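Hi,

Here is the structure I promised to pass on. Have a look at it first, and my notes come right after.

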Amino acid sequence: MTAIPLLSLITWSPFVGALLIMFTARHRPLAVRLIAAATTGISTVLSLWIYMAYDREGAGFQFYEKLPLVPALGISYELGADGISLVLVLLTSIIIFSGVFASWTIAVRSQEFYALLLTLVTGVFGVFVALDLFVFFLFYELAVLPMYLLIGIWGSTGEIRPRGIFAWAYRETGVGTKEYAAMKLTLYLLFGSAFILVGIFALYVVSGASSFSFLDLEAATFDRGLQRWVFLAFYIGFGILAGIWPLHTWSPDGHASAPTAVSMLHAGVLMKLGAYGVVRLGMGLLPDGARDLVWLVGTIACINIVYGALSAMAQTDLKYVIAYSSVSHMGIVMLGAATLTEAGLNGSVFQMFAHGIMTGLFFALVGLVYEKAHSRDIGKMGGFGRAMPGIATAFTVGGLSSLGLPATAGFVAELLTFLGSWRSAHPWWLLPAVAGTFLTAVYVLRVAKQIFWGPPSPHFHHLEDARGPEWVALVVLVAVLVVFGMVPALAIATIDTATVGLLARILAP
Amino acid sequence: MTAFALELGVGLLLLVVFFANLAARGEDRRWVGGVAAAGVLVLTGVSLIVSPAPPAFGGMFVQDGLALFAKRLFLAATFIGLLGGLALPGAVFARRAAEYHLLVLGSLLGMLVLASARDLILLFVAFELMSIPLYVLSGFAKREDVAVEAALKFFLVGSVSSAVMAYGLSFVYGAAKTTSLAVVARALPGGDPLLVLGLLTAFTGFGFKIAAFPFHMWVPDTYEAAPTPFVAWLSVAPKAAGFVALFRVYFEGVGSAVALWVPVAALLATLTIVAGNLMALPQQNAKRLLAYSGIAHIGYMLVGFAAASASGTAMVLFYLVAYVFGNMGAFLVVDAVARSEGSENLMAFRGLAQRSPLLALAMLLFLLSLGGIPFVAGFWAKLYVFWAAAAAGLYWLVLLGAILTVVALFYYLLVAKRMYIEPPAVTGRVRLERTLALAVLLCVLGVVILGVYPNPVVMAALRVAAPLF
Amino acid sequence: MGAPGLHAYLVLAALVFAIGLFGVLTRRNAIGILLGIELMLNAVNINLVAFARFNADLVGLVFTLFTIPITVAEVGVGLAIIIAIFRARKTIEADHLNLLRG
Amino acid sequence: MTAEAIGFWLVAAVLLATSLAVVLTPNLFHAVLFLAAALVSTGVVFLLLDAAFLFAVQLLLYAGGVITIMVFAIMLTEQLVGERLRQTSRWVINGAILAAAVFVGVLGFVVRSARPARPPAADRTADLARALVGPFAAPFELLAVLLVAALVGAIYFARTED
Amino acid sequence: MSATDHALHVLALPFAAFVILAVLPWLRRKGRAAGWLSIIAVAVALYRALTVWAGGGRGEATWAWIPADGGPIATVGVLVDELSAAMLVLVTLVSLLVQIYSLSYLDRETPPALGRYYTYQSLFAFSMLGLVLSPSFLQMFIFWELVGLCSYLLIGYWYDRPSAARAAVKAFWITKLGDLGFVVGIVMLWASTGTFEFGALFRMAAERTLPAAGLGLIMVLIYLGAVGKSAQFPLHVWLPDAMEGPTPVSALIHAATMVTAGVFMVTRAMPLFRLVPDVLALIGWVGAFTALLAATMACVEGDIKRVLAYSTVSQLGYMMAAAGAGAADAGFFHLLTHGVFKALLFLAAGAVIHAVGTNDIFRMGGLFRALPQAGVVFIVGTLALTGVPPLAGFFSKEAVLAGVWEGRMTGPFLMLALTAFLTAFYMFRVIFIAFFGRAHAESHPHDAPPLMAGPLWVLAGLTVAIGLRFVVAGAGEHHGPGWLAPLSIGLALAGFLLATAMYQRRLLEPARLAAVFPLNVLDVMARHRYGLDALYAGLYRALILGFSRLIGWIDRYLVDGLVNFGSAWTLRAGDLLRRIQSGRAQDYVYGVAFGVLLLFVWAQWVRR
């Protein structure tokens, strides 16, 4: 325990930034950006600091803070971080820091954009470090809500032309527009949050501890039947955010329509938030429920992997490709968790991190490409590699990581998941997982080839490479991807401190 | 005497307004409204210090916790409503301010008594006193063809409902051989068919007042055409009164026989939530939208009513408080925009966030509260109501309510979309009268404070609801 | 056939009530609708008095004494509204008053 | 068959007939007159129920008050229109079915209820008066406010100068 | 310094070069400077590799890589023994020569492109060295994939060319397909043994403590990796297309080093494969079949690089067949010699292509006169490949044939023998057509510049030198039957004679020969690559793309369709429902009346 509330500082620093932006830096774009960079920079630095300062021998929740809010109901502002949270906090700070730079060129209503973005980030940080389930839920909502406006205002409208017998339904709902995407995403996630809320309250009521503290609830024992139902509620609720099939359809539309930084944050971090919820609340609090239902989690994860990859392949819009690849990769995350093995769980968390970085990178790149070429139509593009070698290189690195090429973080995560699956109760999970990596190789390289290779497309002129602050995002993300891929112990040593304890709890007789 | 201090106060205020009107000269008599509003404010203050008193008039009139809770709500809501309506434009509202306020105060008196009535006759008279001025008020802009049409519809549906209700009450009286609700409650477990018939039939009247499906049909038309600040008040205060009366008649002292009302309330709740939310979807007029959404909210309160428990009752009370601020606030913002733009269409909200960011933020808060999003009052309201219903075993109702909340968020977010996402059609701030701004501000405070710290109100509601069972 | 019992009065009242309701539902003219409402309220009074008589109770009569003036008040307001609407719209055909809908 | 029974059936027949006439006659003016007749029949029913005082109230308030206002209203509107107000009915079958259904519903409850014997009659007009100022003083006062409010409202609508 | 330290240096040098070039764009964009940096690094690495090889030391050093509770899951390190030491030398040597050669070969490239090329080259050298030094399956897999990546990048070096872009992804996908087997295999192996490390696994194998259940499947899966990487039937189709890359790359990656990784892996894991003889037999049969199949395709190919590519596939089949027959040493020996003379052939072909600007042998002719250096070294390489004593290829090829014969695999032996004949035929076909045929007047090619010629001569010298060394050391090292050497030479001679007859002396018209019955079928099939490419393309289109389209449709119109359908219907329902709000007051009264009825009915119902 430290005297300085480090976790609070990390969490609220962006929020302070948001307030500063709204009240002092209105209509001064540069000041807005600098405040955003500075406040997220503070979070990043502190995240790194706590990441290094974490006592791996001691394990458990550290940097603990507690402040009673509503003692009568057992609600308190309780924060703490263990190995899993730390990695995800680090991920969040890296992504948002890069995201701020990746959206450096946003000109329209930039102060509002950054204010909302930073508020959102506070929610994300909060979810990862909150130990009080109630506060957890509040942060969760805070992380979901600004999304509507962020996508609705700064999003982009794709080129979907519905055909076939359902076309009328699509026209009626407005498929493809940013408004549609924003609405779908928000409603879907709020729908999911209802399940989460019900789950949290069920635990609160049944435990009789009249406390929302994770630690207190962890100590309580729940009836097996209840555990199953609540686990299912958490799985559905968080699973929606994690993009589990068939509740994933908000994510391609949402990610495709969102502005760059939001896509980065959403696909990169928020989807992890769903997986984190399943692992932390579902598995952490409901060991019996988790044991009984992992078959479902794992099987759906397998569907996610293959289905997401095949769907990605079928897309013609670059952002949709990346978005569906997230669906596929979140399958790996969920699969790793479902194996209930040390390797698998480590792989799962590591995949959260790795996928967060790589998909953040992808969306940053897609944003850049879109900004330069004003198109997301893969079919029209071609030969961009000559004009934008830097972007092409970064895209290739991201793609290689996503197909699980060694020396990138993606490989380690996938390998661990594979190891875990074959040792789990359902070894056959390995096969769809492996097939998924092949399919990923197919669509990623196909897209890379189409966009960056081949003769230059006649549709585009005056393309240029990334410049200035845009490089920050690319370089940081690529570096993280490669460094953590080559030295996975950097993350796994920390993750392992948390997963071992978690597994011991779940698998205890 | 203290038992009906508030009623006396309102009566006195009626006289003051009446004589002020006599003394007033000239075309602009809005200051009379100011007097009324100030009086209501004072009475609101008084209501906070008044404490429960023993029953008066042979048990006919009770000033218990529930009554006081409700009265504070009515008074506060009335104050906000009057404040919002003080600066209503138009010659009618200037010259006839006294009539307007007399009628509001008369209706308010009806509500106050209704909250305390434990006798069928008193209840019926109070109910009518509450209702009749509302018919007039809704058509107050009598030169406008839609206003009188609204008044007529309101009146016709209201009168039929009153007749049906009175018909029901006659059976209740006949079966219980008394008009004392305490005795009626004790008679209910006997299961006399006439008593059940009477109470079922009487439900119609309450159903009309709270606008439950299918008694709701006057609501959208009336809301659309009536003066908006009045609608803001109409949409919350009589509803709250209706619920309090429902509790008095159907819950208080009936013991285990409350189970009788569970299926009825659950049915109405289901229908109301579904119909309200679905019909709100295609609305383009902001007031109609809020009208239908208000109907859906009544459905959610009926969910709490269907729980037929002390906690359910308390949660409905809390819901009402949250609803007062959220819904009134939303209507008042609509009024502000409509006064400035001359249109109540949702298109008038385009780009509001860029024109008047604070007003847009207020509206957003109200909408979020109505949608049941954390950090604002409505979140707790929905949460608690669902909680109570779940505790009563009505899981399917909770699920249904939760799913339709998503539908509700859809149309609330559409308004948010107009305000935040679409570009403004005209530039420049929305003009906002000071009194209206103050009323909006009060609502914002209510929504936010209750959203951050709902505990005291929840506890109070639980306290006052407990003796009913 | 003996003296009519309570039920006879109740059924009579119910019939009057139903007839009133029928009138409300079918008359096109606003005043006609009002007449229907009057019949419905009249049924209430029959009920109340019959109950009072058979319960050997006073309160039913008191209740009636309240319902009658309230009815009158309602009719008064209703007719005033009808007159106002007539001025504004030149019709009191209820079916024509449908500017507000949807 | 006692005299009371005969009286009841007669009055009931008249009451129902006049009520039907109220809702069926095409002439609005006639409808009002039939309503007056129905109200008077109701008064007679009150007499049969030994409530002579209420018979008086019924005659005075309803027949005297309501009908007068109605007639005025009809005259007023007719004058404005300049033609006689005739009224037709809409959806007669639907209305009949629905009204009948409501009646059957009520009947379903009524037939299942107990049939109390008729207690001996007593004139209780004085008690009535005492009750109004005693236990029922509160609603009585409130009724006054109600009437004032209704009056204010009615005048507001009816006046022409603004 | 121990052997492992030296090996680490060998590994570190190209890696350092790669990192420097990767993170210093300004240096990379200088082109030739980047090249020299890379060349120096690999030259020093060669020196170190020679030290290791000459030292003959063995050793292993590992470090934890993926930690876990109770010991790391995975380690990384270096394993030095004869096998890896020999490979170190081969890899660094060919790398060095190819890199030097490239400097001249790619002189027309822009400096940034050249810098990129050398960055990839350094990465490749590092990866390949990491592969051969792997002490565990996992590390081998890591570098296995990395060399695959380099292959992909270098095939697609001229990424503007659609054919190169296609070939690059094709190579990646096809080898990845094999790698899937590899990774599944090692995952399963880990699950049953708890380790990836060769040392521990071999110990278990020796002590017979290795869980036997499923080992066959595991080894087949691991072998699948080799099938992909070493271009065995049926995954060989990528290698000919890989010739879209620059010729030096073909020489290095697609002839001498990367493609032999599969053979190396099988050799390395031989203690495990020995436990499952059926799998070994499979390897042998597949290898021999691949050798024959590729040779037939080489006979009808007109692209000089593709001929060499098929030849490579064919020779890889030899190596695999040897490994499958249990003569892994022979296979490995052939790997080393083949690495030298095939690199020589490719570089020589590169010199020719550089000079004439085409790959098509039918557009060449009479080049021997114009390009004597290239001609001579090409002939040296050809002689080595066809197994003419005393060149290197003779000894290794004979060792392979002997191994297979002794492995009692008659079928594969016959196929390999036939292949030997075909090898001589197709190689001399190229020589006769390209170097001795009728000269094309329009071109005036000039011989290789020194930077290209140097490596050529070095390799040619080595080819001769290795052979001579065996002549000096005595050819009795292999135990083949006495008739084997004459047979092999005879087959080569027959091939040569046939080629002479057809293409030099014009005694036989190739077209007429191809019209004879069994040959015409073969000719057509070989020209169409036995339909395998078409089959893969078809599978890719129908299975993957078709299925993806189906899933895409399902996702948009069924899974998401349900959502949109639901929401659209909700909106419609709202619109329908609002029609009850007709605006007519009496309809509203209907509502009230209905409500009353509803309550009645409902109350009656629920009470029953």
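Below is what I found, going from whole chains to cavities and then to two single residues.

Some housekeeping before that. This is a predicted model, so to read the notes: local features need pLDDT of at least 70, side-chain atom pairs count only at pLDDT 80 or more, and totals for chains, interfaces and linings use all residues. Residues are numbered from 1 along each chain as its sequence is written, chains are lettered from A and ligands numbered from 1 in the order in which they are written, and side-chain values use heavy atoms, with hydrogens and water left out.

**Chain A**

Chain A has 21 helices and 2 strands (DSSP runs numbered from the N terminus, with helices being H or I of at least four residues and strands E of at least two). Its radius of gyration is 21 Å, close to the 23 Å that the globule rule gives for 509 residues, so chain A is as compact as a globular protein of that length. That radius is taken over C-alpha atoms, and the rule is 2.2 Å times the number of residues to the power 0.38. The C-alpha trace of chain A spans about 65 × 55 × 50 Å along its principal axes.

Of the 509 residues in chain A, 72% are buried (under 20% relative accessible area, against over 50% for exposed and partly exposed in between, with a 1.4 Å probe and protein chains only). Among the contacts in chain A with a separation of 6 or more, 81% are between residues 24 or more positions apart; a contact means heavy atoms within 4.5 Å. The surface that chain A exposes is about 14300 Å², and 68% of it comes from carbon and sulfur atoms (Shrake-Rupley method with a 1.4 Å probe; for residues, only the protein chains shown count as cover).

**Chain D**

Chain D has 6 helices and 0 strands, so to speak α-α-α-α-α-α from the N terminus on. Its radius of gyration is 20 Å, whereas a compact globule of 162 residues would have one near 15 Å. The C-alpha trace of chain D spans about 55 × 45 × 30 Å along its principal axes. Buried residues are 44% of the 162 in chain D, and 56% of its contacts with a separation of 6 or more link residues 24 or more positions apart. Chain D has an accessible surface of about 7700 Å², 74% of it from carbon and sulfur atoms.

**Who touches whom**

There are 8 pairs of chains in contact, and chains C and D share the most contacts. Chain A does not touch chain C, with 19 Å between their nearest C-alpha atoms. Chain A does not touch chain D either, and there the nearest C-alpha atoms are 36 Å apart.

**Cavities**

How many cavities of 30 Å³ or more are there? The count is 11. A cavity here is a set of points on a 1 Å grid over the protein atoms alone where a 1.4 Å probe fits but cannot get out, and lining residues have an atom within 4 Å of a point. Grid points are joined across faces, edges and corners, and a volume is the space filled by probe spheres set on the points.

The largest cavity holds about 90 Å³. Its lining has 13 residues, with A:Gly404, A:Phe418, E:Phe141, E:Lys176 and E:Val183 nearest the centre. Two or more lining residues each come from α18 (409-423) of chain A and from α6 (137-155) and α7 (162-193) of chain E. By class, the lining has 7 nonpolar, 2 polar and 4 charged residues (Ala, Val, Leu, Ile, Met, Phe, Trp, Tyr, Cys and Pro are nonpolar; Asp, Glu, Lys and Arg charged; the others, Gly among them, polar).

The second largest cavity holds about 70 Å³. Its lining includes B:Arg30, B:Phe93 and B:His101, and α5(B) gives the most, with 3 residues.

**Two residues**

B:Ser161 is in helix α7 (residues 145-176) of chain B and is buried at 1% relative accessibility. Leaving out residues up to four places away in sequence, B:Ser161 touches B:Thr204, B:Gly205, B:Phe208 and E:Val592.

E:Tyr159 is in the loop between α6 and α7 of chain E and is buried too, at 14% relative accessible area. With that same sequence cut-off, its contacts include A:Arg386, A:Trp453 and E:Arg116.

Cheers

Technical notes:
On a 1 Å grid over the protein atoms alone, a cavity is a set of points where a 1.4 Å probe fits but cannot get out, and a pocket is an open set with protein on both sides within 12 Å along at least five of seven lines; lining residues have an atom within 4 Å of a point.
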